[in-house]
Amino acid sequence: MQCVKCGAKAVYYSVYSGHSFCAKCFMKSVEQRVRATINRYKLFDPEDRIVIAISGGKDSQVLATIIAKVEKDFPGATLSALIVDEGVPGYRDFGLRRSKELCDELGIELTTTSFKELFGYSLPEIVSIAEQKGVSLGACTFCGILRRRAINVKAKELGATKVATGHNLDDEAQTALMNLLRGDVVRLLRLGPKPVEEFPGFVPRVKPLRYIPEKETTLYAYFKGYPLYEVECPYVRESMRDEIRSILNEIEGRHPGTKYAIVRAADRLSAMGASLKVRVGSCKYCGEPTSRDVCRACELLEVLGVTS
Ligand code: SF4
Ligand code: ZN
Ligand code: ZN
């Protein structure tokens with residue numbers, strides 16, 4: 001097989017495009033598609049202060065690498081990175097080290113924060129308080145809500161006007177399906193490619209890797225020589241996302257294109273839901289933006305008797 005672009009020996013065949021690529025042209029094609037997503041959906045403005053939410057995993061390494069290149073097209077923009085440590089022993093250590101190393105290589109300033117710093121407790125401590133109090137919410141529920149809060153609070157401190165996350169096509173297809181299965185129509189209608197509507201106090205998020213399948217982010221990281229080693233979070237098996245991931249991978253194996261189809265359907269739904277008006281005010285406890293009187297983060301912390 002030959003590379004469709006340069007005729008060199010191909011190392012990757014894309015089922016979606018029907019084309020084969022050598023490593024160099026494959027990486028170029030990923031970068032071009034990320035740029036196309038950024039331009040098409042106007043993910044960045046010329047003067048943006050972009051903060052990359054980094055984890056040290058392969059997707060965020062790929063994101064940081066490509067955004068560092070793309071940022072050169074936006075000379076007025078600035079770029080930095082933020083990592084949140086949930087405090088799960090042994091889990092985030094590798095990611096913290098790797099993020100520091102990569103940010104140093106790319107010349108990006110990295111800020112580190114943690115659940116402990118922001119909420120007074122690590123995730124395992126919060127999970128254990130929840131168990132003692134008989135609160136039957138999984139670790140991933142606490143983690144998701146508190147991580148979102150942590151990123152928004154810290155991004156604001158850094159003066160961010162956009163937060164870029166490393167969600168890939170697989171993540172987005174999983175999220176769309178999870179929202180559907182939970183009957184969460186509002187979230188489903190808001191899962192679009194454009195920066196989330198700017199609420200006062202909420203830094204808009206963008207997902208430049210949204211149309212890149214996980215297989216391709218992995219391959220890009222591999223060709224870059226980045227470490228692919230990832231420590232699995234001990235709570236991952238409890239999560240609904242993990243089940244959805246397996247189901248989707250199984251269906252995709254038999255029906256290639258399913259993940260794209262789901263994300264494209266979510267795009268169309270979000271275009272229809274663009275006029276959806278969600279009342280957004282400020283949480284009466286923490287002042288963070290929320291559509292309720294008390295935000296989800298404060299509600300959870302209050303149930304646990306823990307204040308932020
Ligand atoms: Fe957080 Fe759950 Fe992911 Fe672990 S698996 S990092 S607890 S969301
Ligand atoms: Zn080539
Ligand atoms: Zn609050």
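This text walks through a zinc site, the cysteines and the aromatic rings of a predicted model.

The zinc ion (ligand 2) is held by four protein donors, the SG atoms of Cys3, Cys6, Cys22 and Cys25, lying 2.3 Å from the metal. Along the chain these donors follow the spacing C-x2-C-x15-C-x2-C. The angles among the four donor atoms run from 101 to 116°, and the site is tetrahedral. Ideal angles for four tetrahedral donors are 109.5 degrees. Of the donor residues, Cys22 and Cys25 are both buried.

Cysteines also bear on the question of disulfides. A disulfide needs two cysteine sulfur atoms within 2.5 Å, and by this rule the count is zero. Two further cysteines can be placed by their accessibility. Cys140 has a relative accessibility of 35% and Cys286 one of 27%. Because partly exposed covers the range between under 20% and over 50%, Cys140 counts as partly exposed, and so does Cys286.

The aromatic rings come next. The whole structure holds six aromatic pairs. One of them joins Phe115 and Phe119, whose rings are 5.5 Å apart centre to centre, with 75° between the planes, an edge-to-face arrangement. Both residues belong to helix α4 (residues 115–119), where they are four residues apart, about one turn of the helix. Phe115 and Phe119 are both buried. Elsewhere, Tyr12, Phe26, Tyr222 and Phe223 make up one aromatic cluster.

Two tyrosine rings have an arginine over them. The charged end of Arg98 sits over the ring of Tyr226, 4.9 Å from the ring centre. Over the ring of Tyr211 sits the charged end of Arg264, at 4.4 Å from the centre.

Conventions. Residues are numbered from 1 along each chain as its sequence is written. Chains are lettered from A and ligands numbered from 1 in the order in which they are written. This is a predicted model: local features need pLDDT of at least 70, side-chain atom pairs count only at pLDDT 80 or more; totals for chains, interfaces and linings use all residues. Side-chain values use heavy atoms; hydrogens and water are left out. Buried means under 20% relative accessible area, exposed over 50%, partly exposed in between (1.4 Å probe, protein chains only). Donors are N, O and S atoms within 2.8 Å of the metal (3.2 Å for Na, K and Ca); water is not among the atoms, so sites may look incomplete. Four donors count as tetrahedral if all angles lie between 85 and 135 degrees; four count as square planar and six as octahedral if opposite donors are over 155 degrees apart and all others between 65 and 115; anything else is irregular. Rings of Phe, Tyr and Trp (its six-membered ring) pair if their centres lie within 6.5 Å; planes under 30 degrees apart count as stacked, over 60 as edge-to-face and the rest as tilted. Helices (H or I, at least four residues) and strands (E, at least two) are DSSP runs, numbered from the N terminus. A charge sits over a ring if NZ of Lys or CZ of Arg is within 6 Å of the ring centre and within 35 degrees of the ring normal.
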